[in-house]
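Biologist: Please pick one part of this structure and go through it closely. I would like to know how it sits against the rest and what comes after it in the chain.

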Amino acid sequence: IYEVVRVDQGVPLFLDEHLARFYQSAKLENREISLSPKSIKLRLKALIQENVLVFGNVKFLFKWDESGNSQFFAWVVPFFYPGNEQYKSGVSVDIMRAERPNPNSKKMLAGLIEKVDAYISKNRCYEVVYVNQKNEITEGSRSNIFFVNNEQLITSELCSVLPGVTRAAIIKLALQNGIDVLEKRIRVDELKIFTSCFLSGTSPKILPVSRLQDYDFMVKNPVVSFLTDAYNGLCATELIRFNW
């Protein structure tokens, strides 16, 4: 069971939300984490301060062996944040037929990630989005996905995806500002009706998609621009609000 947290100005953004999902993932896997949230926070604080980490990503996980013994690990991981040109022009995304078992749980699936990394490297796309056996779009390998139709925001049902911390923040911001949000099953053949598309996640934040497989999308969309500004504002507020 693991989490990746973005550190900005030495602050782990939305750490409480990540910790809540961490414990929920363990519960879904019928596991128990023997450390308290406060204990994990103190360990992450020491890691960030010892490494003088200003910007970057921290990964932490809880691991169980076959005998039920457990260990906690946390370390600074290599990261890649999209560049200005990718935010401006959008990124290319492909479709891969795959499903994560127990999708609400953030669990290491090494075999699937190796397959994804090999595909991305070979096909030179930014990300892949999973499609299930019913030909429905679910989630990205490291992101959630949203679509825009007129001024409505559409995304996959929560039951079929990882409950992304950024995803939840975007939905909340949209509803607070009068943007209609629809969570539904999205078939591949429906992609042609959507105007715009974007990915959400810890590293990319809100990243426009210019192409998804054979479908092109408008990158400059007022709904996407508004949500991007609103989310960046939320991150700025988090920097001020956060307290160990």
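Modeller: The answer below takes helix H1, then the loop behind it, and ends with a strand elsewhere in the chain.

The model is predicted, so local features need pLDDT of at least 70 and side-chain atom pairs count only at pLDDT 80 or more, while totals for chains, interfaces and linings use all residues. Residues are numbered from 1 along each chain as its sequence is written, and side-chain values use heavy atoms, with hydrogens and water left out.

Helices (H or I, at least four residues) and strands (E, at least two) are DSSP runs, numbered from the N terminus. Helix H1 covers residues 15–28, which is 14 residues. The expected span of a helix is 1.5 Å times one less than its number of residues. For H1 that gives 20 Å, and the C-alpha atoms at its ends are 20 Å apart, so the two values agree.

Which residues of H1 are buried? They are Leu-15, His-18, Leu-19, Arg-21, Phe-22, Ser-25 and Ala-26. Because they cover an arc of only 160° around the axis, they lie on the same side of H1. The arc is that of the directions from the helix axis to the C-beta atoms. Buried means under 20% relative accessible area, exposed over 50%, and partly exposed in between (1.4 Å probe, protein chains only). An α-helix has 3.6 residues a turn, so residues three or four places apart point the same way.

The cover over the buried residues of H1 includes strands E1 (2–8), E2 (11–12) and E3 (55–64). It also includes helices H2 (37–50), H5 (165–176) and H6 (222–241).

Just after H1, Asn-30 has a positive phi of about 60°. Glu-32 belongs to the loop between H1 and H2. Glu-32 is exposed, with a relative accessible area of 66%. Apart from its neighbours within four places in sequence, Glu-32 is in contact (heavy atoms within 4.5 Å) with Phe-62 and Trp-64. Between the C-alpha atoms of Glu-32 and Val-129 there are 31 Å, and these residues are 97 apart along the chain.

Elsewhere, strand E5 (residues 91–97) has 5 of its 7 residues buried, so the rest of the structure largely encloses E5. E5 pairs with strand E6 (residues 127–131) in the parallel sense over 5 bridges. Two strands pair if DSSP finds at least two bridges between them. Asp-94 has Val-128 in E6 as its bridge partner.
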